[in-house]
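Work through the exercises below with the structure open beside you. Try each task before you read its solution.

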Amino acid sequence: MAILLDKSTRLIVQGLTGREGAFHAAQAAAYGTNVVGGVTPGKGGTKHEQWPVFNTVADAVRETGANATVIFVPPGFAADAIMEAADSNLGLIVCVTEGIPTLDMMRVLTFLQGRSSRLIGPNCPGLISPGKGKAGIIPGHICLEGRIGIVSKSGTLTYEAIHQLTGLGIGQSSCVGIGGDPLIGTSFIDVLMLFAQDAETDAVVMIGEIGGTAEEEAAAYIRKSFRKPVVGFIAGQTAPPGRRMGHAGAIIAGGQGTASDKMAALTAAGVTVVRSPDEIGKAVAARL
Amino acid sequence: MKIHEYQAKAILARHGVPVPKGEVAFTPAEAGDIAQRLGGGTVVVKAQIHAGGRGKGGGVKLARSPDEAETIARAMIGMRLVTHQTGPEGRIVSRVLVEAGLQMTRELYLGLVIDRAAARPVMMASPDGGVDIEAVAAKTPDRIFKEHINPATGLVPFQARKLAFALGLEGSQIPQASKLMTAVYEAFRHTDASMVEINPLVVTASGDLLALDAKMNFDDSALGRHPDLRELRDLGEEDPLEIEASKFSLNYIRLDGSIGCMVNGAGLAMATMDIIKLAGGEPANFLDVGGGANAEQIRNAFKILMSDKNVHAVLINIFGGILRCDVLAQGVIAAVKELDVRVPIVIRMEGTNVAEGKRLLADSGLNFTTADSMGEAARRVVELSQTKK
């Protein structure tokens with residue numbers, strides 16, 4: 001069954017005619033995703049490759065029956081793109097864009113309240129359900145169909161985890177990048193709850209980073225309610241405090257958000273926490 | 001992005017927050033002049049650096065006359081000020097804030113940050129100002145009062161009153177506090193701040209509220225729409241290599257180890273630093289080359305890494321999805337040749353054409369070692385960094 005994205009997904013690409021959007025739309029389609037069109041204001045009525053381009057998300061949804069979107073729009077316009085997608089009640093919105101101002105995201109999350117859209121990201125690689133489809137930039141060729149769910153704040157570190165599992169012959173059900181920003185649309189807990197309900201997921205890999213308290217909150221949820229095995233890794237054990245380590249949300253501030261606090265909370269919740277990023281795959285094998 | 005106290009006070013004052021009378025001085029003579037203009041009486045001379053703990057470090061001094069202000073400024077400007085927040089290397093002081101001295105009866109705390117879990121700004125106030133707020137949060141969290149702000153309404157006056165009464169303020173201080181807190185929120189919102197901190201917020205001898213110290217940090221992602229804030233950047237407070245790296249849009253943070261790292265992706269870059277440490281080495285830096293691991297960025301990244309004389313070995317960990325490893329290898333070879341890089345380089349790359357990429361590196365005649373996993377790469381680079389003469 002996978003989570004969030006499968007063969008029933010009809011995906012539009014906001015920013016289809018830009019370089020990133022065009023490239024990754026083609027990659028997604030080649031992987032088997034049902035890409036149905038794109039949105040670039042001002043280019044409605046034209047075609048990009050085999051896809052119709054629309055001026056607005058509303059037009060695109062009406063004409064294509066789209067139920068999901070992936071956003072490849074620059075940071076100055078991405079918050080607006082997310083809200084436009086939510087206004088058309090798209091069930092799944094994936095925003096890859098890095099660099100959206102935090103207060104813009106605060107306004108986006110307020111806008112999304114009470115609406116039926118789920119936002120993944122921003123500042124994320126998107127998601128992939130191996131063998132079924134993808135929305136974002138996670139490469140399909142490193143994945144293997146299987147039964148391990150992955151939820152991660154990172155991009156290429158997620159690929160590393162996927163690569164290790166694939167190398168051991170352990171496939172993945174769905175891999176979800178929730179993003180490295182301080183304010184995001186979908187949390188670790190949100191994805192864990194979906195994995196809890198997914199009959200095709202047996203165990204989960206959770207990849208966190210320094211900054212904020214999302215991993216600690218997830219640990220509390222896991223302890224209380226999550227019964228499938230979890231393997232965790234937290235990036236940034238060696239990060240100095242007070243510095244933004246690449247990701248806008250990856251900062252130890254006011255003594256909070258350290259890797260050691262997160263690792264302790266997850267361990268106390270029964271998660272197998274590996275200290276080395278090299279050990280993720282092996283730890284999953286050991287738990288199965 | 002961080003700014004100095006005097007700059008934060010100027011921004012807050014423009015929004016209606018009361019601050020002491022004062023001006024910034026870049027020379028001892030200017031300090032004396034300012035003290036004169038403030039009335040010739042007692043002034044406070046405060047070193048301006050992007051770190052706290054200045055008082056204990058000798059960076060805040062009282063001057064009873066303009067001459068004394070000039071003398072103090074002469075000693076302070078150019079001094080290396082070490083505080084518990086600067087690290088042992090301290091910071092060179094290039095400017096001082098000269099402010100009118102005043103009597104205060106109470107020191108309070110006021111702060112505003114984004115509560116990530118609530119996705120809202122949260123205003124925090126405490127009657128225990130003038131001390132380390134983290135210590136208050138740890139020992140007496142019940143003495144920190146919080147109000148979450150709904151972006152649709154802003155700070156509602158009753159919220160400000162709740163905080164003001166909780167602080168033990170009275171009479172005309174209540175509407176003053178209300179106005180001040182609203183002004184702080186407006187400043188935060190208008191400037192895309194990530195933090196505003198007034199510590200201490202004082203009650204003066206005449207019973208009025210005033211921001212005796214002020215800190216503001218700004219959201220780096222929003223600076224594009226604040227050209228006036230970008231001008232406040234003090235390059236003297238930043239590491240020169242980090243400044244250089246930012247010109248190439250390279251995310252680079254200098255540390256003090258001997259193993260340089262070049263990685264694509266922030267999480268993978270942090271994990272690479274972690275695994276180097278686990279293998280017994282010390283990372284020299286964090287460096288995320290981002291999605292563009294192209295020849296030009298590789299070259300720029302090597303330039304930055306090799307400008308750090310502590311680097312005795314380099315670990316390149318690039319995991320590309322569609323990245324062609326033979327193209328990456330060519331970029332690395334070209335950079336190493338052009339820059340005459342002499343230290344051992346361990347490369348671990350994933351993408352397409354991995355075998356071809358490894359062959360190119362092996363045939364280059366340069367000092368490359370390839371590795372298939374992060375663990376192997378970390379072990380090899382630590383070994384190589386230790387065998388260097």
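The exercises below concern a predicted model.

**Exercise 1. Overall build of chain A**

Task: Find how many helices and strands chain A has, and decide whether its radius of gyration agrees with that of a compact globule.

Solution:
- Step 1. Count the elements. Chain A has nine helices and 14 strands.
- Step 2. Get the expected value. For 288 residues, a compact globule would have a radius of gyration near 19 Å.
- Step 3. Compare. Chain A has 18 Å, which agrees.
- Step 4. Add the extents. The C-alpha trace of chain A spans about 55 × 40 × 30 Å along its principal axes.
- Step 5. Look at burial. In chain A, 60% of the 288 residues are buried.
- Step 6. Look at the contacts. Take those in chain A between residues at least 6 apart in sequence; 71% of them join residues at least 24 apart.

**Exercise 2. The seven-strand sheet**

Task: Give the strand order of the open sheet of seven strands in chain A, and name its edge strands.

Solution:
- Step 1. Recall how sheets are held together. Strands pair through backbone hydrogen bonds, either parallel or antiparallel.
- Step 2. Read the order in chain A. It is β9-β8-β11-β10-β12-β13-β14, and the pairing is mixed.
- Step 3. Find the edges. β9 (133-136) and β14 (272-273) of chain A each pair on one side only, so they are the edge strands.
- Step 4. Examine one pair. β13 (residues 230-235) and β14 of chain A run parallel and are joined by two bridges.
- Step 5. Name a bridge. G232(A) has V273(A) of β14(A) as its bridge partner.
- Step 6. Add the helices. α5(A) lies across β10 (145-152), β11 (172-177), β12 and β13 of chain A. Its angle to β10(A) is about 155°. Helix α6 (residues 188-197) of chain A lies across β10, β11 and β12 of chain A, at about 160° to β10(A).

**Exercise 3. Where the chains meet**

Task: State how many residues of chain A are in contact with chain B, and which element of chain A supplies the largest share.

Solution:
- Step 1. Count both sides. In chain A, 48 residues are in contact with 42 residues of chain B.
- Step 2. List elements of chain A that supply at least two residues each. They include α3 (75-87), α4 (102-112), α5 (156-167) and β12 (203-209).
- Step 3. Pick the largest share. It comes from α4(A), with six residues.
- Step 4. Sort by class. The side of chain A that touches chain B has 20 nonpolar, 19 polar and nine charged residues.

**Exercise 4. A helix pair across the chains**

Task: Classify the packing of α5(A) and α9(B) by its angle.

Solution:
- Step 1. Take the geometry. α5(A) and α9 (residues 266-278) of chain B pack at about 70°, with their axes 6 Å apart.
- Step 2. Apply the cut-off. Angles of 65 to 115 degrees count as roughly perpendicular, so α5(A) is roughly perpendicular to α9(B).
- Step 3. Name the residues. T156(A), L157(A) and E160(A) of α5(A) make the contact with G267(B), L268(B) and A271(B) of α9(B).
- Step 4. Sort by class. This contact of α5(A) with α9(B) has three nonpolar, two polar and one charged residues.

**Exercise 5. Unusual backbone**

Task: Locate two cis peptide bonds, then decide whether D192(B) and S249(B) are buried or exposed.

Solution:
- Step 1. Recall the usual case. Most residues other than glycine have a negative phi, and most peptide bonds are trans.
- Step 2. Check chain A. The bond from G121(A) to P122(A) is cis, with omega near 10°. P122(A) sits in the loop between β7 (118-120) and β8 (126-129) of chain A.
- Step 3. Check chain B. N199(B) and P200(B) are joined by a cis peptide bond, with omega about 15°. P200(B) is in strand β10 (residues 193-204) of chain B.
- Step 4. Turn to phi. D192(B) has a positive phi of about 55°, and S249(B) has a positive phi near 55°.
- Step 5. Place both residues. D192(B) is in the loop between α6 (173-191) and β10 of chain B. S249(B) is in the loop between α8 (240-247) and β13 (251-254) of chain B.
- Step 6. Judge burial. The cut-offs are 20 or more C-beta neighbours within 10 Å for buried and 12 or fewer for exposed. D192(B) has 20, so it is buried. S249(B) has 11, so it is exposed.

Methods
Residues numbered from 1 in each chain as written. Chains lettered and ligands numbered in written order. Predicted model: local features only at pLDDT ≥ 70, side-chain atom pairs only at ≥ 80, totals over all residues. Helix = DSSP H or I, 4+ residues; strand = E, 2+ residues; numbered from the N terminus. Rg over C-alpha atoms; globule rule 2.2 N^0.38 Å. Contact = placed C-beta atoms within 7 Å. Nonpolar A, V, L, I, M, F, W, Y, C, P; charged D, E, K, R; others polar. Axes fitted to C-alpha atoms, helices over the stretch in contact; angles between N-to-C directions. Parallel < 35°, antiparallel > 145°, perpendicular 65-115°, else oblique.
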